[in-house]
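Grab a coffee and open the viewer. Below are a few exercises, each followed by a worked solution.

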Amino acid sequence: MHPARRPKLSLLRICEMNAGFFGLQFSFGLQQANMSPIYRTLGASEASLPLLWLAGPATGLLVQPLIGAMSDRTRSRMGRRTPYFLIGAVLCSLCLLAMPHSPALWAAAALLWLLDAGNNVTMEPYRAYIADRLSPEQQATGFLTQSAFTGLAQTLAYLAPSLLAFMIDRELLGPNGIPVIVRAAFTIGAVLSVSTIVWSILRVPELPLAPQEHAAIAGKSFRPRALLREVVQALNEMPRPMRRMIPAMLCQWYAMFVYWQYITEAIARSLFDTASSATPAYRAATLAAQELGALYNTVAFLGALALIPLVRRLGARKVHVACLAASGLAMLLIPAAPSIAVLAFLMLGVGLGWAGMMANPYVMLAEAIPHDRVGVYMGIFNILIVIPMLIETLTVPLLYNPLLASDPRAALILAGIFMLAGAGATWFVGPSRLPHEGTRERYSDAPLPPRDSNC
């Protein structure tokens with residue numbers, strides 16, 4: 001359907017669209033909060049943690065652009081994006097059920113590869129679904145609501161083990177040494193992954209394709225060579241605003257990946273005086289890091305809602321610079337924080353940065369890409385996320401001993417420096433057109449769409 005003719009949705013219906021994204025991000029939150037402790041419990045060293053996190057960026061690099069090109073070509077009775085939602089959600093659920101039962105380090109690492117593959121199969125079509133379903137002037141609201149759901153889901157994912165500790169002994173361990181409260185949290189994630197996706201696609205189904213869209217898709221091949229050619233062609237024709245975002249994306253995602261990998265280890269050193277994953281003090285540090293993670297995701301949830309009018313008034317670029325700067329300053333100060341209370345205050349900055357990262361770049365991107373290639377460009381945009389992660393996984397193990405002195409607190413300082421560099425690079429992206437500007441002129445000759453009576 002032509003963008004100008006898409007029915008406008010109420011905020012409630014936009015929230016229902018993003019329910020499935022809630023389940024997807026609950027899964028990501030479980031990974032962020034628990035994979036480093038799980039790996040350390042199963043025998044991994046601190047220096048090897050980035051390599052063990054390689055699954056996320058590697059699968060994102062391979063899966064998302066191809067899935068994007070495939071979803072642009074799909075003409076099923078369920079829609080273009082919906083089949084990928086369901087396939088990815090089922091794979092994700094199965095892996096979440098199995099992960100905390102991993103008998104050895106290699107099993108946990110292998111399951112993370114499968115889990116991230118499932119997440120990535122769902123993620124890219126979900127971004128495209130928002131761009132497909134909403135009129136141009138509502139896309140900023142859609143992506144920022146998606147960011148809010150990310151904050152809410154990850155808040156609950158980070159808090160889940162601590163909340164379960166009220167009912168289950170936090171010192172009760174499984175045969176592999178992983179706490180039972182972690183097993184229960186992953187089970188909850190498995191249920192949410194499928195149930196929320198089903199809710200979204202039933203409540204807000206995809207719009208039907210126009211006859212000319214059907215005809216255009218019918219002429220496109222599903223053969224691997226054709227899909228790769230489409231990805232390569234889209235890379236060559238990447239819009240200039242998207243190219244200008246590359247340095248900023250490199251810095252901010254490098255920083256965030258370092259943060260997720262080392263925040264637990266840094267807190268264990270600075271406030272709990274332990275570097276051993278086998279001690280009760282380390283498990284206490286893990287719960288403290290998860291509770292702080294829940295706090296910054298709560299800030300991201302509320303902050304994303306507050307950013308909606310700011311982005312519409314000031315533009316996504318300026319707002320994003322401020323968000324990244326706040327996050328970078330917070331990361332620089334975390335290693336010297338003398339108490340949990342001070343760390344809790346610093347989570348305000350981290351949360352604002354995370355809220356911005358999950359929405360503002362997509363607002364800027366949606367303004368620049370053609371609506372008939374949303375899927376492939378959303379997939380390619382993910383390359384700007386996963387390549388920084390890949391670079392981080394390969395460089396930090398080399399830097400950890402000689403440059404960071406084998407100290408995770410130094411890794412947090414490195415993350416802060418990169419996040420501030422990302423703020424500076426975002427400023428030089430250039431002014432971003434407000435989400436509704438330009439679209440009116442482009443589609444001014446089209447009749448206004450009727451309001452959906454079901455919304």
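## Warm-up: the whole chain

Buried residues make up 61% of the 455 residues in this chain. Keep in mind that you're looking at a predicted model.

**Exercise 1.** Work out how many helices and strands the chain has, and decide how its radius of gyration sits against the globule rule.

*Solution.*
- Start with secondary structure: there are 19 helices and zero strands.
- Now take the radius of gyration, which is 21 Å; the globule rule gives 23 Å for 455 residues, and the two are close, so the chain is as compact as a globular protein of that length.
- For the outline, the C-alpha trace spans about 65 × 40 × 40 Å along its principal axes.

## Aromatic rings

**Exercise 2.** Classify the ring pair Y259 and Y296, then do likewise for Y262 and Y400.

*Solution.*
- What do you need for each pair? The distance of the centres and the angle of the planes describe a pair of aromatic rings.
- A search of the whole structure turns up 13 aromatic pairs. In the pair Y259 and Y296, the ring centres are 5.9 Å apart and the planes stand at 80°, so call it edge-to-face; the cut-off for that label is over 60 degrees.
- Next, place the partners: Y259 is in helix α12 (residues 246-270) and Y296 in helix α13 (residues 280-314), so this pair ties together parts 37 residues apart in sequence. Both Y259 and Y296 are buried.
- For Y262 and Y400, the centres are 5.2 Å apart and the planes at 15°, so the pair is stacked. Stacked needs planes under 30 degrees apart.
- Y262 also belongs to helix α12, while Y400 is in helix α17 (residues 374-400), so the parts tied together here are 138 residues apart in sequence.
- Check burial: Y262 has 0% relative accessibility and counts as buried, and Y400 counts as buried at 2%.

**Exercise 3.** Find which residues ring pairs link into a cluster with W53, and say where the charged end of R317 sits.

*Solution.*
- Follow the ring pairs from W53 and you get a cluster that also takes in W253, F257, W260 and W354.
- Now turn to R317: its charged end sits over the ring of W427, 4.5 Å from the ring centre.

## Salt bridges

**Exercise 4.** Locate the salt bridges R81 to D132 and E171 to R283, and sort R81 into buried or exposed.

*Solution.*
- First, the general idea: side chains of opposite charge can pair when their charged atoms come close.
- The structure holds ten salt bridges. In one of them, the side chains of R81 and D132 meet at 2.6 Å, N to O.
- That pair links distant parts of the chain, with R81 in the loop between α4 (55-73) and α5 and D132 in helix α6 (residues 105-133), 51 residues apart.
- R81 has 0% relative accessibility and counts as buried; D132 is buried as well, at 13%.
- The side chains of E171 and R283 meet at 2.9 Å, N to O. E171 is in the loop between α7 (139-164) and α8 (180-203) and R283 is in helix α13, so the pair ties together parts 112 residues apart in sequence.
- E171 has a relative accessible area of 35%, which makes it partly exposed.

**Exercise 5.** Start from the salt bridge between R409 and D407 and list the network that holds them.

*Solution.*
- The closest N and O atoms of R409 and D407 are 3.0 Å apart.
- R409 counts as partly exposed at 27% relative accessibility, whereas D407 counts as buried at 18%. The cut-off for buried is under 20%.
- Tracing onward, the salt-bridge network links R40, E46, E265, R269, D407 and R409.

## On the outside

**Exercise 6.** Identify the nonpolar surface patch that includes L97, then look at phi for D273 and A405.

*Solution.*
- The patch is made of V90, L94 and L97, with about 260 Å² of accessible area together. L97 is in helix α5 (residues 82-98) and is partly exposed at 40%.
- For phi, recall that most residues other than glycine have a negative value.
- D273 has a positive phi near 55°; it lies in the loop between α12 and α13 and counts as exposed at 71% relative accessibility.
- A405 isn't a glycine, yet its phi is positive at about 55°. A405 is in the loop between α17 and α18 (408-427) and counts as exposed at 59%.

Key:
Residues numbered from 1 in each chain as written. Predicted model: local features only at pLDDT ≥ 70, side-chain atom pairs only at ≥ 80, totals over all residues. Heavy atoms only, no water. Phe/Tyr/Trp six-rings, centres within 6.5 Å; stacked < 30°, edge-to-face > 60°. Helix = DSSP H or I, 4+ residues; strand = E, 2+ residues; numbered from the N terminus. Buried < 20%, exposed > 50% of the residue type's maximum accessible area, 1.4 Å probe, protein only. Lys NZ or Arg CZ within 6 Å of the ring centre and 35° of its normal. Patch = residues over 30% accessible without salt bridge, like charges linked within 9 Å, V, L, I, M, F, W, Y side chains within 5 Å. Areas by Shrake-Rupley, 256 points an atom, 1.4 Å probe, with all protein chains shown as cover. Salt bridge = Lys/Arg side-chain N within 4 Å of Asp/Glu carboxyl O. Rg over C-alpha atoms; globule rule 2.2 N^0.38 Å.
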